[in-house]
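User: I am new to this structure and would like to know what stands behind the words used for it. Please take me through a few of them.

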Amino acid sequence: MAITHLKVSKPEAEKAEDDAKVRAVVEATLADIESRGDAAVRDLSAKFDGYTPDAFRLTQSEIDAAMQKVSTRDMEDIRFAQDQIRNFAQAQRASMTDVEVETLPGVILGHKNIPVQSVGCYVPGGKFPMVASAHMSVLTASVAGVPRIVSSAPPVNGEPHPAIVAAMHMGGAHEILCLGGIQAVGAMAIGTETIDPVHMLVGPGNAFVAEAKRQLFGRVGIDLFAGPTETMVIADDTVDAELCATDLLGQAEHGYNSPACMITNSRKLADATLVEIDRLLEILPTAETARASWEDYGDIVVCDTHEEMLQVANDMAYEHVQVMTDRDDWYLENMHSYGALFLGPRTNVANGDKVIGTNHTLPTKKAGRYTGGLWVGKFLKTHSYQKVLTDEAATLVGEYGSRLCMLEGFVGHAEQCNIRVRRYGGKNVPYGQAAE
């Protein structure tokens, strides 16, 4: 049994150097926003986007004007996508129920699922205005019942992007900002003179946005730590090289540093896929970006068995995992570290990104080992509560609690239990001692 790396991405040391540069820029920028507020945000917007409006928050008339620029067909497509995403989010929300149970006679325990009270949803713009990200964050937060949803996206060609504004508004955003990059997530998290801070930040973004969310975590909640888009193709000889190459490059076009990996047990398919990638890069309109990603961040791993393929896939824990084999359901049963699975040749990551109904904000950089992606549950906090209803229950639980507190040396804790054993159980427990 052998695992062969037919193509390897650039060394981790070089990637770490890039990350360090991003960290320094983000740290300085967030400090500037905290110090100077709106003035810093305005300077950053002018520098990076050439955009200095009277206010970054869009008025209702500005929202209406932007939506008027969206074609009828595009509006219909946005509605269709939002219907699918809403349907799945509602099904997920229905699966999360409040709980109340009597665990002992007179002892009631429960939990409630309470929405986060304010959320900032970042929608990337730049080279590819991510209309779909508005559905994934804003609409999902709306289904969760978040009472204040702030959404922000950078200007495109000097103005709010009409389709993004439409998607935000239709998804349920209460406030829409035309603001991008570090300045957007920084302003939403830290707050300025004109932008009230939120409790949580969600949504994808470039390396600077992702790092800003990482540095702001703790001050606010975040959905997950996310880096550049990753895609993995797990394939055997039941599929062809054109399909594999198309699925790899389809995600590599996201940015110059978007990892793309193929794992296969067919050396013939691996070699053919390399040839097909070269062919497609000659005709793909976004080849400049996709080629950079593939050259620096592309991997092809050839294994002997499906078990080895599974091991490599779980170890790499990529964001998008496209499985096209003679045993797709076996991978569904045995994969445990990933962002989302796309099973079978008829399924593809692009549909998951845009329209099918699952959420496209997913864990990267091996975060799939400990978290899933954005979903309605991310916007809900599960809070427990307790009620002791009878004297007998207060006495029974109190006696156990007293002794366990004293076991740990917490005398004050024990007295919380003891006073109730005395009052409700009529038992004489000496002060500062464990109940019998």
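User: Why is threonine 229 called buried?

Analyst: This is a predicted model, and the values are computed from it. Threonine 229 has a relative accessible area of 14%. Buried means under 20%, so threonine 229 counts as buried.

User: Where does threonine 229 lie, and what is it in contact with, leaving aside its neighbours within four places in sequence?

Analyst: Threonine 229 sits in the loop between β8 (221-222) and β9 (231-235). With those sequence neighbours left aside, its contacts are Gln251, His254, Ser258, Pro259, Glu319 and His320. A contact here requires heavy atoms within 4.5 Å.

User: Does lysine 365 count as buried or exposed, and what makes it so?

Analyst: Its relative accessibility is 52%. The cut-off for exposed is over 50%, so lysine 365 counts as exposed. Lysine 365 belongs to the loop between α14 (349-354) and β14.

User: Why is lysine 366 called partly exposed?

Analyst: Lysine 366 has a relative accessibility of 37%. Partly exposed covers what lies between under 20% and over 50%, so this residue takes that label. Lysine 366 also lies in the loop between α14 and β14.

User: What is phi in lysine 365 and in lysine 366?

Analyst: Lysine 365 has a positive phi of about 50 degrees, although it is not a glycine. For lysine 366, phi is near 70 degrees, again a positive value in a residue other than glycine.

User: How do you know that strand β3 pairs with β14?

Analyst: Two strands pair if at least two bridges are found between them. Strand β3 (residues 107-115) is joined to β14 by 9 bridges, so the condition is met. The two strands run antiparallel, and valine 107 stands opposite valine 388 in β14.

User: What makes β2 and β14 edge strands?

Analyst: The open sheet has 3 strands in the order β2-β3-β14, with antiparallel pairing. β2 (99-104) and β14 (380-388) each have a single partner strand, so one side of each is left without a neighbour in the sheet. Neighbouring strands of this sheet are turned by 20 degrees against each other on average, direction ignored.

User: How many residues does the protein chain have, and what share of them is buried?

Analyst: The protein chain has 436 residues, and 51% count as buried. It contains 16 helices and 14 strands. Its exposed area is about 20700 Å², with 52% supplied by carbon and sulfur atoms.

Key. Residues numbered from 1 in each chain as written. Predicted model: local features only at pLDDT ≥ 70, side-chain atom pairs only at ≥ 80, totals over all residues. Heavy atoms only, no water. Helix = DSSP H or I, 4+ residues; strand = E, 2+ residues; numbered from the N terminus. Buried < 20%, exposed > 50% of the residue type's maximum accessible area, 1.4 Å probe, protein only. Areas by Shrake-Rupley, 256 points an atom, 1.4 Å probe, with all protein chains shown as cover. Axes fitted to C-alpha atoms, helices over the stretch in contact; angles between N-to-C directions.
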